[in-house]
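Here is a guided look at one structure, written to be read with the model open beside you. Let's walk through it together.

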Amino acid sequence: NAEYMGIRSSIMLSVRQYFDNLLTRINGLKAIVISDREGVDILKVGAFEYEDPAAEPALASVFTVASEQASKLALGKNKSIMGFYDKFQLLQLNHTPLVITMILNADAETGQLLNMSAEFRSVLEPIRTMLDHE
């Protein structure tokens, strides 16, 4: 219905503004992608060029599998996975059914983003709730 679509648009705009602002506040943060567990993008802010563009859609689904496996180590539920590469870093946070992927410069400080993970989850809760009801 039209009212639901208006609420959904308002929520998406608010979340986009939050993450756009985050890009300007965190030095070295290049892009943020919010996707579902299958890798379908829900929101994308910033820009990053992958050497192999085919890799981008697989990021969330690979994270989901790796996170599920890491959670089997009897250490509790996995919350995040960090990848360090020659030219960039990849921070992925679990907020089932959402995956938060952050792409950073290779020398960026990721600790601040990890410390903000509860805030990210709070900001994304309305989207998570919408997905649960669709």
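The side chains of T101 and Q92 are joined by a polar contact of 3.0 Å in this predicted model. T101 sits in strand 5 and is buried, because its relative accessibility is 3%, under the 20% cut-off. Q92, for its part, belongs to a group in strand 4 that points one way, together with F88, L90 and N94. Q89, L91, L93 and H95 point the other way.

How much of strand 4 is buried? Eight of its eight residues are, so you will find buried side chains whichever way you look from this strand.

Now for the neighbours of strand 4. Strand 3, residues 80-84, pairs with strand 4 in the antiparallel sense, and strand 5 runs antiparallel to strand 4 too. The two pairings can be set out side by side:

| Strands | Bridges | Hairpin link | One bridge pair |
|---|---|---|---|
| Strand 3 and strand 4 | five bridges | three residues | G83 and L90 |
| Strand 4 and strand 5 | eight bridges | two residues | F88 and N105 |

Let's move on to the nonpolar core. The largest one has 26 residues, and those with the most contacts inside it are F19, L22, L29, I32, M102, L113 and F120. Two or more residues each come from helix 1 (2-25), strand 1 (29-36), strand 2 (41-46), strand 4 (88-95), strand 5 (98-105) and helix 4 (117-132). Helix 1 gives the largest share, with seven residues. In soluble globular proteins, nonpolar side chains tend to be buried together.

F120 is a good place to zoom in. Leaving aside residues up to four places away in sequence, F120 touches Y18, F19, L22, L93, I100, M102 and L113.

Which residues do ring pairs link into a cluster with F120? They are Y18 and F19. The structure holds four aromatic pairs. In one of them, the rings of Y18 and F19 have centres 4.9 Å apart and planes at 85°, so this pair is edge-to-face. Y18 and F120 also make an edge-to-face pair, with 6.4 Å centre to centre and 70° between the planes. This second pair links distant parts of the chain, since Y18 lies in helix 1 and F120 in helix 4, 102 residues apart.

Both Y18 and F120 are buried. The relative accessible area of Y18 is 15%, while F19 counts as buried at 0% relative accessibility.

How values were computed
Residues numbered from 1 in each chain as written. Predicted model: local features only at pLDDT ≥ 70, side-chain atom pairs only at ≥ 80, totals over all residues. Heavy atoms only, no water. Core = buried A, V, L, I, M, F, W, Y, C linked by side-chain atoms within 4.5 Å. Buried < 20%, exposed > 50% of the residue type's maximum accessible area, 1.4 Å probe, protein only. Helix = DSSP H or I, 4+ residues; strand = E, 2+ residues; numbered from the N terminus. Contact = heavy atoms within 4.5 Å. Phe/Tyr/Trp six-rings, centres within 6.5 Å; stacked < 30°, edge-to-face > 60°. Polar contact = N/O pair within 3.5 Å; in protein donor to acceptor, adjacent residues only side chain to side chain. Pairing = 2+ DSSP bridges.
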